[in-house]
Every structure is written in structure tokens, then in C-alpha cells.
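Student: I have a new model open and want to talk it through. Can you take my questions as they come?

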Amino acid sequence: MRILHVASEIYPLVKAGGLADVIASLPAALAKRGLDVRVLLPGFPGILNGMLGLKPVIRIGPAFGAAVITIYIGSLPDSGLLAYVIDAPFLYQRQGNIYVGFDGFEWSDNHRRFGLLGWVAAHVASGELDPDWRPDVVHAHDWHAGLAPIYMAQNPGLKTASVFTIHNLAYQGIFPMDCLADLGLPMRQLTPHGIEFHGMISFMKAALVYSKKITTVSPTYAREIRTPEFGCGLDGVLRDRAGDLSGILNGVDPEIWNPEDPDIARPYSADNLKGKMACKLALQSELGLSNQAEGPLFAVVSRLFSQKGMDLLLAALPDLLREGAQLAVLGTGEDYLEEGFRHAAAANPEKVAAFVGYDEAMAHRFFAGADVLLVPSRFEPCGLTQLYALRYGTLPLVHRVGGLADTVIDATPGNLQSDSATGFVFDDVDRQAISDSIHEACTLYRDQIAWHQVQRRAMEQDFSWDDSAAHYEALYRSL
Ligand code: ADP
Ligand code: GLC
């Protein structure tokens with residue numbers, strides 16, 4: 001069975017968030033099961049520079065405002081899987097963020113930049129771009145690839161099925177109606193049953209209406225997005241398609257997120273946690289935090305946005321400090337949150353550290369060195385950092401929502417005997433609930449025997465891709 005994954009990010013070449021991690025590891029996990037998997041990516045500089053053995057397949061264009069477009073094929077650096085890359089310099093050869101221009105606004109031609117991605121996917125499906133390889137299923141991810149199913153639907157003879165995965169419903173790819181002309185889609189699609197959304201065009205809605213099957217990245221989020229509270233205006237569409245919508249949890253690449261990795265201060269395992277203390281001391285020293293704190297070291301590795309509940313965490317920070325705990329933050333995002341954490345660090349240099357920036361290697365040192373990882377998200381489709389934390393015996397403290405609810409089991413006192421607790425889970429997303437949960441974590445931390453028990457259990461959890469890849473395979477076969 002041949003599967004084409006279509007997405008805008010892939011670790012380690014271009015990454016804005018967890019989508020990149022999934023696109024690096026899910027296709028590889030499917031290939032391990034014997035499927036013939038390829039990936040289609042836009043030719044951002046990081047992708048063209050990082051792929052191996054690129055060879056031209058076909059030259060097309062002009063299209064989508066680009067005069068010259070070349071489709072290349074080459075190998076991905078880690079998995080060695082084959083990927084098609086759309087080299088359209090006019091659209092993709094830009095410095096800075098792949099979605100947002102230097103003025104802080106989304107690139108004004110994003111509808112063309114990502115419309116082209118879906119359009120090329122449909123033409124790979126039809127065999128016109130590479131007659132040697134035609135996929136049975138096109139699997140598109142997030143709004144950036146969201147037009148693939150509607151372009152496929154323009155070709156009535158096409159047998160290829162489409163699957164669309166929602167990684168985050170809050171980002172929808174919404175554009176003014178007159179953009180339709182640039183996308184080459186017929187006017188008749190512009191109805192509330194098609195891609196029209198409150199007088200605009202929505203790539204996300206097009207995907208939800210036209211794909212054969214819809215998945216999202218956790219079972220709980222699959223239920224939540226059918227409600228007005230989490231549906232971002234599309235809950236009605238998702239309720240209509242409930243029979244075709246399922247939640248499949250993301251996995252972790254156990255080679256990349258591995259406490260036995262020699263790159264951290266001292267590798268360790270569930271059987272021998274001594275190295276974890278060395279990692280904590282090393283992280284404290286690196287960040288200028290005191291080595292003497294009586295409480296646990298809490299950490300954040302996150303985009304700093306209100307989705308992630310970072311404003312609530314800032315509000316709860318005085319309570320965390322009163323517990324004698326420390327906080328280390330690694331993140332970038334909204335100015336007021338970056339400033340807020342910087343300010344807190346300057347006011348409490350031995351207790352709070354804020355590294356405002358993006359740094360993969362440092363993220364590993366955070367997961368290894370911290371005692372608790374804070375993920376107080378307002379909503380969280382899956383969340384990967386809590387899964388990485390579990391691998392390192394760093395107990396996640398999370399809001400019971402989306403994938404966080406599906407992956408962390410609460411260890412607050414009443415639940416400790418359950419033999420299954422792996423972290424701390426709170427129900428209300430407000431300062432008090434976070435502070436109470438921080439208090440529970442600090443209380444358990446004082447009982448080091450119980451703490452180690454939960455740590456070991458956390459490290460034994462299996463969130464590798466094996467199960468989830470089997471679910472995707474079953475879904476493809478059902479098509
Ligand atoms: P989201 O995709 O919503 O940002 P996820 O938890 O799914 O959330 O994935 C976030 C990914 O980005 C993880 O791989 C995490 O380690 C990484 N990450 C987030 N912020 C940073 C940062 N400042 N430095 C390094 N890695 C980061
Ligand atoms: C999105 C979501 C996150 C999820 C990731 C990968 O960025 O916000 O929860 O883990 O996609 O699926």
C-alpha cells in the first residue's frame with residue numbers, strides 16, 4: 001500500500017511545533033510496518049538544504065503566482081524515506097518564519113504558498129507528476145495541506161483516498177473570498193457546504209468537508225472538537241462527520257527522546273536514576289539557579305501562548321516560589337509572556353530562569369534535568385512534551401484536556417495507591433487549580449521513595465509509535 005504524507009514541517013529540517021516531530025516519525029513507523037510511504041513538502045530553504053540526493057522529477061508552472069516550479073525527489077536525513085519537494089523559489093525561498101513575515105503578520109500570499117502544496121499532492125495522486133509512483137492514500141496534515149482533498153475531488157476518475165489529520169483546530173487557514181481566483185477552484189465550491197466559512201475561505205473546512213476520513217491526535221480531542229467550547233466554529237461540521245472522525249494518539253521516537261542518550265550530563269535509566277540528579281545539577285548550573293533548593297525543579301518547554309496556559313502559570317508563580325520550588329522556562333512566543341518570564345527571572349535569579357529562544361539540545365537537557373514538566377494548556381490536541389517528560393522520569397503536571405488527559409494519570413494522594421499514577425492532573429484551568437496541583441507535586445516530592453516509584457512508572461510507559469501506526473494502517477486499509 002502506497003501512502004503520501006503531505007505537510008509543511010518536518011524535524012529536523014523545518015520545525016515550528018509538534019507537527020514536525022510527527023511528520024518525521026509517523027511515516028517512518030508506517031514504513032517499518034511494510035507500507036510504501038513517501039512525504040511531500042514545500043521547498044523551504046531548510047528542506048532543500050537538508051535533504052539528500054535531490055533529483056528533479058518534473059518541471060511545472062507557472063502556477064500559484066510562481067513562474068517556475070520544479071518537483072524534486074530525495075531522501076530524508078534521518079529515516080532515509082523518499083520525499084518530494086516543491087521548489088518554487090518565488091513562494092518558499094524566504095528568510096525567517098515559514099508562516100509569518102518580518103512584520104509579524106502571516107505572509108500575505110499564504111493561500112498560494114499552501115494552496116500549491118495541496119494541488120501538487122492531488123497531481124502526485126493522479127500519477128501526472130511521477131508516473132512511477134501513485135499513492136493509494138494521500139494523508140494530509142493540518143490546514144497547510146488542507147486543500148489536497150478538494151483538489152483530488154476535482155478529478156472524478158481518481159481512485160486515491162484522502163485522510164486528513166487535525167493537529168490543531170485553532171489554526172484554520174482563513175482567507176478573503178477573492179483569493180479563490182488564485183486557487184483555481186470553481187465558484188460552486190464557495191457555499192456553506194463547501195469551503196466558505198463566514199464569508200471567507202477556510203482551508204481547514206475544505207479538508208473537513210472533502211477528505212474521506214478525518215483523524216485527530218488524541219481520542220479526547222476527537223470528542224472535544226465536536227463541542228462549541230473546543231470546536232473553533234467547526235464543531236457543527238465535525239458533528240456531521242462524526243462517523244468518519246477518530247482520534248489516534250501521537251507517538252514518540254524513542255531514539256531521539258532517550259535518557260540513555262550520551263548528550264545529556266549523565267545518562268540514566270528507570271533502574272538507575274542516579275544520573276538524573278547529575279542532570280538536574282548540571283541544568284541548575286547552566287541556568288544560574290541555586291543547587292540548594294529544597295523543592296523540586298519545575299520546567300516549561302513550550303511555545304509561549306495563551307493556548308499553553310502560560311499566563312496562568314505566571315500568575316501562579318508566587319505560589320510555586322512559596323513552596324521552595326524553582327522554575328526553568330525554555331520558550332518563545334507572545335511578547336508579554338516572554339517579558340513576564342524574563343522579569344520573574346530577573347527578580348528571583350536563584351529560583352527562576354527563563355531562556356527565551358528555541359533550542360532543541362537545550363530542550364533535551366530540560367526534560368532530563370527537571371523534576372516536573374508543567375503543561376497547563378487551555379486546550380491540547382495531543383501534546384508531545386508530556387510524553388518526552390515521561391521518558392525522562394520527569395513527572396508531567398497537566399490540565400485534564402485533550403491528549404494530556406489521555407496520557408497522564410494523576411498521582412495526587414487519593415490516587416497514589418492506584419499503581420498507575422504517572423504525574424499530576426488538574427481539572428479547572430485557573431491559577432488556583434495550578435497552584436493546588438503544584439502543592440501536591442511538592443508534597444509528593446518530599447516523600448522521595450514514593451516519588452521514585454512514580455518516576456519509574458512514568459519511564460515504563462510505552463508511547464512509541466507501534467500502536468498508533470497500526471491504527472493508521474487499519475484506517476488506510478478500511479479505505
Ligand atoms: P505544539 O505543537 O502545540 O507546540 P507539542 O507539545 O506537540 O506542542 O510540540 C512542541 C514541540 O516543540 C516539542 O518537540 C517541544 O520539545 C518543542 N519545543 C517547543 N518550544 C521549544 C523551544 N523553545 N526550544 C526547543 N524546543 C521547543
Ligand atoms: C499541534 C498541537 C499539539 C500536537 C502537535 C502534533 O501543534 O498543538 O498538541 O501534539 O500538533 O500533533
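Tutor: What follows is a walk through the ligand shells, the cysteines and some backbone details of this predicted model.

Student: Start with ligand 1. How many residues surround ligand 1, and which are the closest?

Tutor: The shell around ligand 1 has 20 residues. The closest are Lys15, Gly18, Asp21, Arg303 and Lys308.

Student: How does that shell divide by class?

Tutor: Seven of its residues are nonpolar, seven are polar and six are charged.

Student: Which polar atoms come close to ligand 1, and at what distances?

Tutor: Lys308 places a polar side-chain atom 2.8 Å from an oxygen atom of ligand 1. Asp359 uses its backbone: an N or O atom there lies 3.1 Å from a nitrogen atom of the ligand. Thr385 also comes in through a backbone N or O atom, 3.4 Å from an oxygen atom of ligand 1.

Student: How much of ligand 1 does the protein bury?

Tutor: 93% of the 560 Å² that ligand 1 exposes when taken alone.

Student: Which helices and strands supply at least two residues of that shell?

Tutor: There are helix 1 (18-32), helix 13 (360-369) and helix 14 (385-391). Strand 13 (297-304) and strand 14 (326-333) do so as well.

Student: Which one gives the most?

Tutor: Strand 13, with three residues.

Student: And which domains does the shell around ligand 1 draw on?

Tutor: Domain 1 (2-251 + 465-478) and domain 2 (274-459) each give at least three residues.

Student: On to ligand 2. What surrounds ligand 2?

Tutor: 13 residues. His167, Asn250, Glu380, Cys382 and Gly383 are the closest.

Student: What are the polar distances there?

Tutor: A polar side-chain atom of Asn250 is 2.8 Å from an oxygen atom of ligand 2. For Cys382, a polar backbone atom sits 3.0 Å from a ligand oxygen. The side chain of Asn168 has an N or O atom 3.4 Å from an oxygen atom of ligand 2.

Student: How much of ligand 2 gets covered?

Tutor: On its own, ligand 2 has 310 Å² of accessible area, and the protein covers 93% of that.

Student: What about residue classes and domains for this shell?

Tutor: By class, six residues are nonpolar, six are polar and one is charged. Domain 1 and domain 2 each contribute at least three residues to the shell around ligand 2.

Student: Cys382 came up there. How many disulfides does the model have?

Tutor: Zero.

Student: Why are Cys382 and Cys232 not bonded?

Tutor: The closest cysteine sulfur to that of Cys382 is in Cys232, and it is 17 Å away, so the two are too far apart for a bond. The cut-off for a disulfide is 2.5 Å between the sulfur atoms. From the other side, the closest cysteine sulfur to that of Cys232 is the one in Cys382, again at 17 Å.

Student: Are those two cysteines buried or exposed?

Tutor: Cys382 is buried, at 2% relative accessible area. Cys232 is partly exposed, at 34%.

Student: Where is Cys232, and what is its phi?

Tutor: Cys232 lies in the loop between helix 8 (219-224) and helix 9 (235-240). Its phi is positive, about 50 degrees, although Cys232 is not a glycine.

Student: What about His198?

Tutor: His198 has a positive phi of about 50 degrees too, and it is not a glycine either. The residue lies in the loop between strand 9 (196-197) and strand 10 (200-202). His198 counts as exposed, at 68% relative accessibility.

Student: New topic: cis peptides. Where is Pro12, and what is the omega of the bond from Tyr11?

Tutor: The Tyr11 to Pro12 bond is cis, with omega near 0 degrees. Pro12 lies in the loop between strand 1 (2-6) and helix 1.

Student: And the bond from Gly61 to Pro62: cis or trans?

Tutor: Cis, with omega near 5 degrees. Pro62 is in the loop between strand 3 (52-60) and strand 4 (69-75).

Student: Last one. Where does Glu473 sit, and what does its side chain contact?

Tutor: Glu473 is in helix 18 (residues 466-478). Its side chain makes a polar contact with the side chain of Arg33, at 2.6 Å. Glu473 is buried, with a relative accessible area of 11%.

How values were computed
Residues numbered from 1 in each chain as written. Chains lettered and ligands numbered in written order. Predicted model: local features only at pLDDT ≥ 70, side-chain atom pairs only at ≥ 80, totals over all residues. Heavy atoms only, no water. Buried < 20%, exposed > 50% of the residue type's maximum accessible area, 1.4 Å probe, protein only. Near = heavy atom within 4 Å. Polar contact = N/O pair within 3.5 Å; in protein donor to acceptor, adjacent residues only side chain to side chain. Areas by Shrake-Rupley, 256 points an atom, 1.4 Å probe, with all protein chains shown as cover. Nonpolar A, V, L, I, M, F, W, Y, C, P; charged D, E, K, R; others polar. Domains from an automatic or database assignment. Helix = DSSP H or I, 4+ residues; strand = E, 2+ residues; numbered from the N terminus.
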